[in-house]
Amino acid sequence: MTSNIHILLIDDDQGTTELLREVLQKEGYAIDAAKTGQEALAQARAFPCDVVLADLRLPDLDGIEVLRMLHTLDPDLPVIVMTAFGSMETAVEAIRDGAYDYISKPFNLTEVRLTVRRACERRHLLQDNRRFQQALQEKYRFENIVGTSPKMVEMYRTVARVASTRSTILLIGESGTGKELVARAIHYNSPRGKAPFVAVDCGALPESLLESELFGHEKGAFTGAQALKKGLFEVAHGGTIFLDEVGDIGPSLQAKLLRVLQEHEVRRVGGLEPIKIDIRVIAATRQDLEALVKSGKFRDDLFYRLSVVTITLPRLSERRDDIPLLAMHFLGKYASEAGKGLSHIAPEAMTFLCQYDWPGNVRELEHVIERAVALTANPLLLVNDLPVKLQEPAPTSDVFPSLAEMEKRHLQLALEKTAGNRRQAAMLLGVSRRTLYRMAKRHGLLSDHVHE
């Protein structure tokens with residue numbers, strides 16, 4: 001609604017200010033006014049506005065200087081400069097310095113309304129984009145990669161160390177282990193975090209189509225190329241490109257990818273001129289690239305370029321201690337989305353989750369919890385909410401823990417995650433504090449480190 005949009009008018013001419021105030025208030029905008037540059041800056045600091053209309057000739061400060069100082073306070077603030085007829089050079093200079101647009105005196109009121117409306121739309125787009133970027137950065141914080149097992153802790157350390165560097169990274173792990181999640185976390189926690197993150201599944205496309213997607217093509221480069229198309233390397237300029245299943249690409253494309261890494265440039269299909277690009281490459285594979293190098297199926301020089309830093313993601317079956325945390329994480333996520341009050345997984349159900357081998361890794365666990373949340377009519381997830389394949393008894397060996405051991409491990413993880421806070425741990429487990437106290441006492445987990 002326009003009534004929520006605040007416009008600041010900066011002009012020492014009272015007649016101009018009153019005219020604009022009357023016109024814009026009729027459009028529903030809230031109007032503030034200032035007669036000098038200093039007064040305007042003081043108002044902008046105290047009461048943030050959405051759009052500014054500023055005369056370039058002010059009694060105390062140069063209008064261009066005011067423009068620059070306003071953008072220091074708010075880089076996304078649309079500033080429309082007002083200039084007298086015949087002062088076009090100053091208006092053009094203001095545009096170069098970041099002004100959104102200009103309007104000439106005497107005013108065409110239709111033009112004023114339209115220019116202000118466009119400036120408001122731009123403001124909203126920029127704010128939405130900034131909120132989207134902040135949401136992405138929040139979503140892909142390192143803390144949101146769930147797991148406390150030794151293998152995951154070691155992975156966190158490596159990821160945190162390399163995020164701020166320019167190094168090329170190779171992620172190795174089975175399907176479903178979270179390679180793209182880690183790649184996005186690296187990107188959004190790096191200096192490139194506000195630039196594009198472009199993900200490409202190299203194994204999903206035929207090589208000829210993949211080349212066109214990555215490198216782009218000129219108009220008429222091949223049948224069907226009716227217009228110029230930028231490739232994904234160009235789209236990712238300034239940011240990160242994630243090449244998933246890089247081991248699936250063929251020899252010809254391997255050579256072209258090597259050139260991109262060496263020369264930092266691409267040449268579109270059908271193009272003659274190289275195009276300089278600034279990108280970070282994060283590659284991922286489920287295959288043993290070193291074995292492919294030895295068999296001659298993957299270039300050794302490309303392998304060395306891609307594997308400047310190598311990060312191995314463990315299988316879920318190698319980090320069983322993380323299964324309760326992951327299961328509770330997904331339960332919270334999907335219960336919230338479904339509007340259900342589910343907050344706990346029955347111990348028996350958790351035992352079955354922990355004993356299963358999870359060939360599909362974290363992705364399979366997520367899908368199982370999502371399905372269970374969608375279908376259950378129970379106040380907590382029970383064994384019969386799980387797929388039949390998970391409901392088989394555990395093998396009679398020491399490989400899988402007993403129900404009591406699982407309860408103790410589940411409780412330990414909750415207390416570790418909440419730094420020993422009983423109230424928070426109880427909320428995490430979906431039990432009362434009294435129940436949690438009894439569980440902790442039963443398993444000998446009451447200590448000075450456990451507190452309210």
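How many of the 5 residues of β1 are buried? In this predicted model, 4 of them are, so strand β1 is largely enclosed by the rest of the structure. The setting of this strand is described below, after the overall content of the chain.

The protein chain comprises 18 helices and 14 strands. Of its 452 residues, 46% count as buried. Among the contacts with a separation of 6 or more, 70% are made by residues 24 or more positions apart.

Strand β1 belongs to an open sheet of 5 strands, in which the order is β2-β1-β3-β4-β5 and the pairing is parallel. The edges are formed by β2 (30-34) and β5 (101-105); each has a single partner strand, so one side of each is left without a neighbour in the sheet. On average, neighbouring strands of this sheet are turned by 20 degrees against each other, direction ignored. β1 and β2 are joined in the parallel sense by 5 bridges, and Leu9 has Ala33 of β2 as its bridge partner. Further along the order, strand β3 (residues 51-55) pairs with strand β4 (residues 79-84) over 4 bridges, again in the parallel sense. Here Val52 is matched with Val79 in β4. Helix α3 (residues 63-73) lies across β1 (6-10), β3 and β4, and runs at about 175 degrees to β4.

The edge strand β5 ends at residue 105, where the chain shows a cis peptide bond. This bond leads from Lys105 to Pro106 and has an omega near -5 degrees. Pro106 itself is found in the loop between β5 and α5 (109-139).

Another open sheet of 5 strands has the order β7-β10-β13-β6-β14, with parallel pairing. Its edge strands are β7 (197-201) and β14 (309-312), each of which pairs on one side only. From one strand to the next, the twist averages 20 degrees. Strand β6 (residues 169-172) and β14 run parallel and are joined by 4 bridges; within this part of the sheet, Leu171 stands opposite Ile311 in β14. Helix α7 lies across β6, β7, β10, β13 (280-285) and β14, and its direction makes an angle of about 160 degrees with β7.

Helix α7 and strand β10 also take part in the lining of the largest pocket. This pocket holds about 840 Å³ of space. It is lined by 32 residues, of which Gly178, Leu181, Phe330, Val362 and Glu366 are the closest to its centre. The elements giving two or more residues to the lining are α6 (150-162), α7 (179-188), β10 (240-244), α13 (323-338) and α15 (361-375). Sorted by class, the lining consists of 14 nonpolar, 7 polar and 11 charged residues.

Two residues with unusual backbone angles were examined. Asn361 lies in helix α15, one of the helices that contribute to the pocket lining. Asn361 has a positive phi of about 60 degrees although it is not a glycine. Is this residue buried or exposed? Asn361 is buried, with a relative accessible area of 0%. His264 is likewise not a glycine and has a positive phi, of about 55 degrees. It is placed in the loop between α10 (251-263) and β11 (265-266). With a relative accessible area of 44%, His264 is partly exposed, because that value falls between the 20% limit for buried residues and the 50% limit for exposed ones.

A further buried position is Ala349, which is part of helix α14 (residues 347-355). Its relative accessible area is 0%. Which residues does Ala349 contact, leaving aside its neighbours within four places in sequence? The contacts are with Leu381, Leu382, Val383 and Leu386. Ala349 and Gln391 are 42 residues apart along the chain, and their C-alpha atoms are separated by 8.4 Å.

Note on methods: Residues are numbered from 1 along each chain as its sequence is written. This is a predicted model: local features need pLDDT of at least 70, side-chain atom pairs count only at pLDDT 80 or more; totals for chains, interfaces and linings use all residues. Side-chain values use heavy atoms; hydrogens and water are left out. On a 1 Å grid over the protein atoms alone, a cavity is a set of points where a 1.4 Å probe fits but cannot get out, and a pocket is an open set with protein on both sides within 12 Å along at least five of seven lines; lining residues have an atom within 4 Å of a point. Grid points are joined across faces, edges and corners, and a volume is the space filled by probe spheres set on the points. Ala, Val, Leu, Ile, Met, Phe, Trp, Tyr, Cys and Pro count as nonpolar, Asp, Glu, Lys and Arg as charged, and the others, Gly among them, as polar. Two strands pair if DSSP finds at least two bridges between them. Axes are lines fitted to C-alpha atoms, for helices over the stretch in contact, and angles run from 0 to 180 degrees between N-to-C directions. Contact means heavy atoms within 4.5 Å. Buried means under 20% relative accessible area, exposed over 50%, partly exposed in between (1.4 Å probe, protein chains only).
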